[in-house]
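The following exercises concern a single protein chain. Please study the sequence and the structure before attempting each task, and then compare your reasoning with the worked solution.

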Amino acid sequence: TLEHVSVMGWDACCWSDDALSSKKIYPKYKFPAKSKKWLPRVKSSEDSMRMLVQRVQATHEKTARLFLKKPDTNTLEALAERAAAVESMGKEVQQTVPLSNEVLEKEWWGPWAAGSEHIDMEVQVHLMDKSEAFLPAQHIPTLKGLVDAHLFKSGPIVQSLTQKDALEVDEFALLMKQLKYDQAVHETWQRKCRTIYGAREHAKQEMKLNRRTKAMDTATLFLKKCTKLTLWEPQRPEATVREIMDFRQDNIASKLAITPSGIPSLMVLNWSAPCLVPSPIQYS
C-alpha cells in the first residue's frame with residue numbers, strides 16, 4: 001500500500017480517508033448472513049484483506065490516468081465481503097480435498113487478487129443468495145475444476161464447455177437478480193413519491209378549505225356584529241337615526257371601548273330590489 005501511494009501519489013491512488021476509516025475492510029469483521037453456514041465464509045481475515053488490497057490496487061493501476069477515480073466506500077466494502085468469501089471458500093475446499101496452497105494461490109486466490117472477473121462473478125452469484133445448500137467444491141465452477149483435476153489427475157486445468165455454459169448461466173442469473181433489484185428499488189421510489197405528492201396536495205387543499213372557512217366565519221361575524229340593515233322612512237327620520245345611534249352605542253362603542261363620535265359610519269342605499277321599496281321613499 002505504501003509503495004502504491006508513493007508511486008501514484010495520494011490524489012491519484014485508490015485509497016481515501018473514508019475508505020480507510022471503514023471497519024468492514026479490516027480483519028475479523030463479520031458480514032451479515034441469515035445462514036449460520038455462511039457466517040464463517042464472510043468473516044474477513046488478514047489474508048482476505050491482503051487479497052482485497054492487491055485487487056483494488058491492481059485494478060486501479062491498470063486504469064488509464066484520464067479515467068482514474070477513487071472507489072467509493074460501498075464498493076470497497078462489497079469487495080471486502082467477496083475477498084473474505086474467496087479466501088474462506090478455498091480453505092473450505094481444502095478440508096475435503098487436499099489441494100495445496102500453491103495450487104489455490106495460482107488458480108483461485110491469486111487470479112482473483114489480480115482482478116479476475118470470471119472468478120469474481122462466480123462468487124457474486126452465490127453471495128446474493130447465500131443458499132443453505134451451497135458447497136464451494138460443487139457450485140463454484142473454478143473450484144470444481146480444481147477438485148476434478150486433483151481427483152482424476154487430468155493434468156493442466158482447462159475450462160470445459162460445460163463449465164463455460166454454467167458460468168454464462170450464472171452471469172445471466174446475476175444480471176436478472178440485479179435487474180429485479182433495480183426494478184424493486186424504482187417501484188419503492190415511485191410509491192414514496194406518490195405518497196409525498198399526495199400528502200402535499202392534501203395539505204394544500206386542506207389549507208385552502210381552512211382559509212375559506214375562516215374567511216366566511218370572519219365575514220359572517222362582521223355582518224352580525226358590525227352591520228345593521230334598516231329601512232329609511234321619510235315620515236319618521238328621527239326613528240331611523242335613533243335606531244342607528246343606538247346600534248353604534250350598544251353594539252360597537254361598548255365593544256371597542258371608544259366614544260360613538262369616533263366611530264365612522266358607512267350608509268349604503270340598496271337598490272337591488274326597488275320594487276320592494278315604496279315609491280315615496282324611493283323619490284325622497
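**Exercise 1. The second largest pocket**

Task: State how much space lies in the second largest pocket, and describe the residues of its lining.

Solution. The structure is a predicted model.

Step 1. The second largest pocket holds about 530 Å³ of space.

Step 2. Its lining is made up of 19 residues, and those nearest the centre of the pocket are Ala78, Glu81, Leu127, Met128 and Lys130.

Step 3. Two or more lining residues come from each of helix H4 (73–94), helix H6 (117–129) and helix H9 (161–226). H4 provides the largest share, with five residues.

Step 4. By residue type, the lining of this pocket consists of eight nonpolar, three polar and eight charged residues.

**Exercise 2. The chain as a whole**

Task: Determine how many helices and strands the protein chain has, and what percentage of its residues count as buried.

Solution.

Step 1. The protein chain contains 11 helices and zero strands. Read from the N terminus, the order of its elements is therefore α-α-α-α-α-α-α-α-α-α-α.

Step 2. The chain has 284 residues, and 30% of them count as buried.

Step 3. The accessible surface amounts to about 19,500 Å², and carbon and sulfur atoms account for 60% of this surface.

Step 4. Consider the contacts between residues at least 6 apart in sequence: 60% of these contacts join residues at least 24 apart.

**Exercise 3. The largest nonpolar core**

Task: Identify which residues of the largest nonpolar core touch the most other members, and which helix gives the most residues to this core.

Solution.

Step 1. The largest nonpolar core has 37 residues, among which Met89, Trp108 and Leu143 touch the most other members.

Step 2. At least two residues of this core are supplied by each of helix H3 (46–62), H4, H5, H6 and helix H8 (141–152). The greatest contribution, eight residues, is that of H4.

Step 3. Take Met89 as an example. When neighbours within four places in sequence are left aside, Met89 is in contact with Trp38, Trp108, Val123, Phe134, Pro136, Ile140 and Leu143.

**Exercise 4. Buried or exposed?**

Task: Decide whether each of three residues is buried or exposed: Ala113, Thr142 and Glu46.

Solution.

Step 1. Two cut-offs are needed: a residue is buried under 20% relative accessible area and exposed over 50%.

Step 2. Ala113 belongs to helix H5 (residues 101–114). Its relative accessible area is 5%, and therefore Ala113 is buried. Apart from residues up to four places away in sequence, Ala113 touches Met51, Gln54, Arg55 and Ala58. The C-alpha atoms of Ala113 and Val53 are 8.0 Å apart, although 60 residues separate the two along the chain.

Step 3. Thr142 is part of helix H8. Because its relative accessibility is 14%, Thr142 counts as buried. Beyond its neighbours within four places in sequence, Thr142 is in contact with Glu107, Trp108, His118, Ile119 and Glu122.

Step 4. Glu46 lies in helix H3. Its relative accessibility is 64%, so Glu46 counts as exposed. Between the C-alpha atoms of Glu46 and Ala84, which are 38 residues apart along the chain, the separation is 9.4 Å.

Step 5. The result can now be stated: Ala113 is buried, Thr142 is buried, and Glu46 is exposed.

Methods. Residues are numbered from 1 along each chain as its sequence is written. This is a predicted model: local features need pLDDT of at least 70, side-chain atom pairs count only at pLDDT 80 or more; totals for chains, interfaces and linings use all residues. Side-chain values use heavy atoms; hydrogens and water are left out. On a 1 Å grid over the protein atoms alone, a cavity is a set of points where a 1.4 Å probe fits but cannot get out, and a pocket is an open set with protein on both sides within 12 Å along at least five of seven lines; lining residues have an atom within 4 Å of a point. Grid points are joined across faces, edges and corners, and a volume is the space filled by probe spheres set on the points. Helices (H or I, at least four residues) and strands (E, at least two) are DSSP runs, numbered from the N terminus. Ala, Val, Leu, Ile, Met, Phe, Trp, Tyr, Cys and Pro count as nonpolar, Asp, Glu, Lys and Arg as charged, and the others, Gly among them, as polar. Buried means under 20% relative accessible area, exposed over 50%, partly exposed in between (1.4 Å probe, protein chains only). Contact means heavy atoms within 4.5 Å. Accessible areas come from the Shrake-Rupley method with a 1.4 Å probe; for residues, only the protein chains shown count as cover. A nonpolar core is a set of buried Ala, Val, Leu, Ile, Met, Phe, Trp, Tyr and Cys residues joined through side-chain atoms within 4.5 Å.
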